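Open your viewer and get ready to select residues as we go. We will move from stop to stop, and at each one you will learn what to look for.

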Amino acid sequence: MVLTSHPSHPRYQLAGRKAIEYSSGIENLLVYYWEKAKLTPTDEIEKIVLDSRLSVPEKDERVIAFLEQCGAQGVATAVECLMETSDVRVSEFVASYLEMIPGAREEKTRAAERLRGAGPLAQSAARLVPWLPESVLEGFVQDYLAAPDPDSPQASVLFSIGIHYPGLLRPHADRIESPFIQRSLLSGAPDELADGLLKIWREQQDLDDLHSLALIRTRHASDLISSLRDDVDDPEDWEWLMPLAGHLPDSGKSSVFRPSFMGFVADEGMSDHVMGGQYLGDVPLCADCRAPAERVLTLSCDALPHAVSQDPSFFWFSCAEVDRIAVQFTPRGTKVYLGPQGIAGEESRIVPGERSLVLEPHPNQTGVSLMAIAGRSQHQVGGLPRWPSPELHPICPGCGNFMPFLAAVDSGPTPFGSMGFDGLLFGFWCDDCSVSTTQIQY
Ligand SMILES: [Zn+2]
Ligand SMILES: [Zn+2]
């Protein structure tokens, strides 16, 4: 006993080290479980967001992955975090996750009501606006009007209300200074404003005023644009103003399919509208590198209320060497215009894996008049396109007429990872010819 207790004795050293190792092992384990038990999901999210070693896209990716692995509890976990956190960076990341998820009105409303009373965190409610009841939206408007400040957290919420519910802000337009919010209020503006813009254009001949007039998108505004065919100097200007206002320049038919839906990338099978995955049939091949185009979206005409009689598919190349793809769908398969065609590849990189697009009615059926920002916009089916900068609609290679707009797919993050392209894809559809055209804007 004396020997083994001597500190220099090898047996003592051995036993002592073991004892130390053993006890620190237990301790580590205890600390580990204690930490694990102590960390709520909100702690976990805060840990990611406040980790200074991570870049913003990395944080975004990890917060999305964390909430996504909660499965059916993802929304509840996100809402719980918004109820608890006091950090605006955390509320921004979590609210942008909820913005990617369709539905969950009650949960999103609960979170927005908490954010409204949480100082700087109120700005994160901007991402939940499409799902909020009018009473809650009115509350945010009143908060802003109580101390109008374009840099306040409430200004972000107003910005989103302008996009989704411009009618709610119109009565207060004279107290809102932001030029962006003012622009969003063009959507569905009264006829007197349309007449006023036309009058200013006649005096000053500044195309920006006709651009604003077209963005009103009422029948009256569209008729005024239509009447200017011979007054606009460059015929091409009139040809992009017309579909922006809602009608095709050649036929006068609607330039869109109504109604308008917001689209959400969801897991495979969650809706009949397929995104990504392997396309069965020929697809366009890149004329330069021969890589096959990938299916971005196939809409199921049976699941749509629009006047679409076949299932339109829209394709894109991951090499991004073209700016337009046109395909006809025939009983014998696909026919590609303006380039080679061949078997589809198995990989799905443009859309991460095989997914589906869940649709929800867009709160603004008139059409959003504020410009889109590629990578930060919504997916859309039907309704008027929201361009980064307005363009001519493509000509159908089948019949030679201008094509109406049908869908837009943004390159922003999805719950399943990032999209394999930059910019914003716009899909057009000629139902007479069963031709789809996909083009891009950055
Ligand atoms: Zn290529
Ligand atoms: Zn056609």
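In which loop does P259 lie? Select P259 and follow the chain both ways: this proline is in the loop between α15 (235-245) and β1 (261-267). Helices here are DSSP runs of H or I with at least four residues, strands are DSSP runs of E with at least two, and both are numbered from the N terminus. Now add R258 to the selection: a cis peptide bond joins R258 and P259, with omega at about 5°.

Before the next stop, a word about what is on your screen. This is a predicted model, in which local features need pLDDT of at least 70 and side-chain atom pairs count only at pLDDT 80 or more, while totals for chains, interfaces and linings use all residues. Residues are numbered from 1 along each chain as its sequence is written, and chains are lettered from A and ligands numbered from 1 in the order in which they are written.

**The whole chain**

Zoom out. The chain has 15 helices and 13 strands, and its C-alpha atoms fill a box of roughly 110 × 60 × 35 Å along the principal axes. Of its 442 residues, 41% count as buried. A residue is buried if 20 or more other C-beta atoms lie within 10 Å of its own, exposed if 12 or fewer, and partly exposed in between, with C-beta atoms placed from the backbone. Two residues are in contact if their C-beta atoms, placed from the backbone, lie within 7 Å. Among contacts between residues at least 6 apart in sequence, 65% join residues at least 24 apart.

**The core around V94**

In soluble globular proteins, nonpolar side chains tend to be buried together. A nonpolar core is a set of buried Ala, Val, Leu, Ile, Met, Phe, Trp, Tyr and Cys residues joined through C-beta atoms within 7 Å. The largest one here has 110 residues, and V94, L158 and V296 have the most contacts inside it. Select V94. Leaving aside neighbours within four places in sequence, V94 is in contact with I45, V63, A78, C81 and L82.

**Two helix pairs**

Next, show α3 (residues 41-49) and α4 (residues 56-68). Their axes are 9 Å apart, and the helices pack at an angle of about 165°. Axes are lines fitted to C-alpha atoms, for helices over the stretch in contact, and angles run from 0 to 180 degrees between N-to-C directions. That angle makes α3 roughly antiparallel to α4. The cut-offs are under 35 degrees for roughly parallel, over 145 for roughly antiparallel, 65 to 115 for roughly perpendicular, and oblique for the rest. To see the contact, select E44, I45, I48 and V49 of α3 with K59, R62, V63 and F66 of α4.

Keep α4 and add α6 (88-98). The axes of α4 and α6 come within 10 Å and cross at roughly 55°, so these two helices are oblique to each other. Here the contact is made by K59, D60, V63, I64 and L67 of α4 and F93, V94 and Y97 of α6.

**An enclosed helix**

How many of the 10 residues of helix α13 (residues 207-216) are buried? Seven are, so α13 is largely enclosed by the rest of the structure. Select L210, H211, S212, L213, A214, L215 and I216 to see the buried ones. What covers them includes α12 (191-204), α14 and α15. Just after α13, R217 takes a positive phi of about 65°.

**Stops in the loops**

Select A104, in the loop between α6 and α7 (105-116). Although A104 is not glycine, its phi is positive, near 55°. A104 is partly exposed, with 18 other C-beta atoms within 10 Å.

Now try S434, in the loop between β12 (424-430) and β13 (435-441). Its phi is also positive, near 55°. Is S434 buried or exposed? S434 is buried, with 20 other C-beta atoms within 10 Å.

Finish at D302, in the loop between β4 (294-298) and β5 (313-316). D302 counts as exposed because it has 8 C-beta neighbours inside 10 Å. Add H273: the C-alpha atoms of D302 and H273 are separated by 10.0 Å, and the two residues are 29 apart along the chain.
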